[in-house]
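Thanks for coming. I will go through one structure today and keep to what can be read from the coordinates.

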Amino acid sequence: MIASVTSALILIDLMPRIIALPVAPHSGERVLDRCRLLAEAFRAAGRPVVAVRVERPGVSEQPPGSGFVDGLVQPGDVVIVKRTVGAFHGTGLDDRLRGLGVDTLVLAGLVTTMGVESTARAASDHGYELEFVADAMSGFAADEHDFTVEKIFPRFGDVHDTAHYV
């Protein structure tokens, strides 16, 4: 069940080149499948879905696989392109979320200890309530993911699994 009428789903770096990385404890494809389920549930509830992807600054051409994975972004979704690890700096994300009346962010995507955690820390600094979907994200190593999900994220918000939302 969707946590709040003012919640938005934030999907971090679901791009072919990042999904293909060796991540654990969940494969990039498994994370993508769960993120798709979450996005469907949020859209069905009339809640915003925000798709975030990274571009390398200062290069004339992005590496292959730098766009969103096919079919992820749907009409009405908010699209954010970041040039740092987190999704807030220099992207206008906070203004977009405030304009939608959002006060709670549900985070998922890749990679747990990088884009997801960096976005979560900035979101907390901006005053958002946070929720984390532990089985819809993965890290460069299972122990890093597990430590972050079990020790770090509970200090910022609630940790759930996909089944909590769908």
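Where is the place of Val-111? Val-111 is in the loop between β4, residues 104-110, and α4. I start there on account of the backbone: the peptide bond from Leu-110 to Val-111 is cis, with omega near -5°. Please keep in mind that this is a predicted model.

There is another cis bond to look at. The bond from Ala-24 to Pro-25 is cis, with omega near 10°, and Pro-25 belongs to the loop between α1 and α2.

One more backbone point concerns Asp-13. Asp-13 is not a glycine, yet its phi is positive, about 50°. The residue is found in the loop between β1 and α1. Is Asp-13 buried or exposed? With a relative accessible area of 6%, Asp-13 is under the 20% cut-off, so it counts as buried.

Asp-13 leads us to the largest pocket. Together with Ile-18, Val-54, Lys-82 and Met-114, Asp-13 lies nearest the centre of that pocket, which has 14 lining residues. Two elements give two or more residues to this lining, namely α1, residues 16-19, and α4, residues 112-125. The space in the pocket comes to about 200 Å³. Sorted by class, eight of the lining residues are nonpolar, two are polar and four are charged.

Val-54 is also part of strand β2, so let us turn to that strand. Why is β2 described as largely enclosed by the rest of the structure? The strand covers residues 49-54, and six of its six residues are buried, so the description follows. Val-49, Ala-51 and Arg-53 point one way from the strand, while Val-50, Val-52 and Val-54 point the other way. Buried residues are thus found in both directions.

β2 has partners. Strand β1, residues 7-12, runs parallel to β2 and is joined to it by four bridges. Strand β3, residues 78-82, also pairs with β2 in the parallel sense, over five bridges. Ala-51 has a place in both pairings: Ala-51 is the bridge partner of Leu-11, and Ala-51 stands opposite Val-79 in β3.

Arg-53, again in β2, has an aromatic contact. Its charged end sits over the ring of Phe-68, 5.9 Å from the ring centre.

That brings us to the aromatic residues. How many aromatic pairs does the structure hold? The structure holds three aromatic pairs, and I will describe two of them. Phe-42 and Tyr-165 form a tilted pair, 6.2 Å centre to centre with 35° between the planes. Phe-42 is in helix α2, residues 28-44, and Tyr-165 is in the segment after β6, residues 157-160; this pair links parts of the chain 123 residues apart. Phe-42 and Tyr-165 are both buried.

Phe-88 and Tyr-128 also form a tilted pair, at 6.0 Å centre to centre and 40° between the planes. Phe-88 lies in the loop between β3 and α3, residues 93-99, and Tyr-128 in the loop between α4 and β5, residues 129-138, so the pair ties together parts that are 40 residues apart in sequence. Phe-88 is buried, with a relative accessible area of 8%, and Tyr-128 counts as buried at 4% relative accessibility.

Tyr-128 has a charged neighbour as well. Arg-98 lies over the face of Tyr-128, at 4.1 Å from the ring centre.

I will stop here and take questions.

Definitions and conventions:
Residues numbered from 1 in each chain as written. Predicted model: local features only at pLDDT ≥ 70, side-chain atom pairs only at ≥ 80, totals over all residues. Heavy atoms only, no water. Buried < 20%, exposed > 50% of the residue type's maximum accessible area, 1.4 Å probe, protein only. Pairing = 2+ DSSP bridges. 1 Å grid on protein atoms, 1.4 Å probe; cavity = no way out; pocket = protein on both sides within 12 Å on 5 of 7 lines; lining within 4 Å. Points joined across faces, edges and corners; volume = space filled by probe spheres on them. Nonpolar A, V, L, I, M, F, W, Y, C, P; charged D, E, K, R; others polar. Phe/Tyr/Trp six-rings, centres within 6.5 Å; stacked < 30°, edge-to-face > 60°. Lys NZ or Arg CZ within 6 Å of the ring centre and 35° of its normal.
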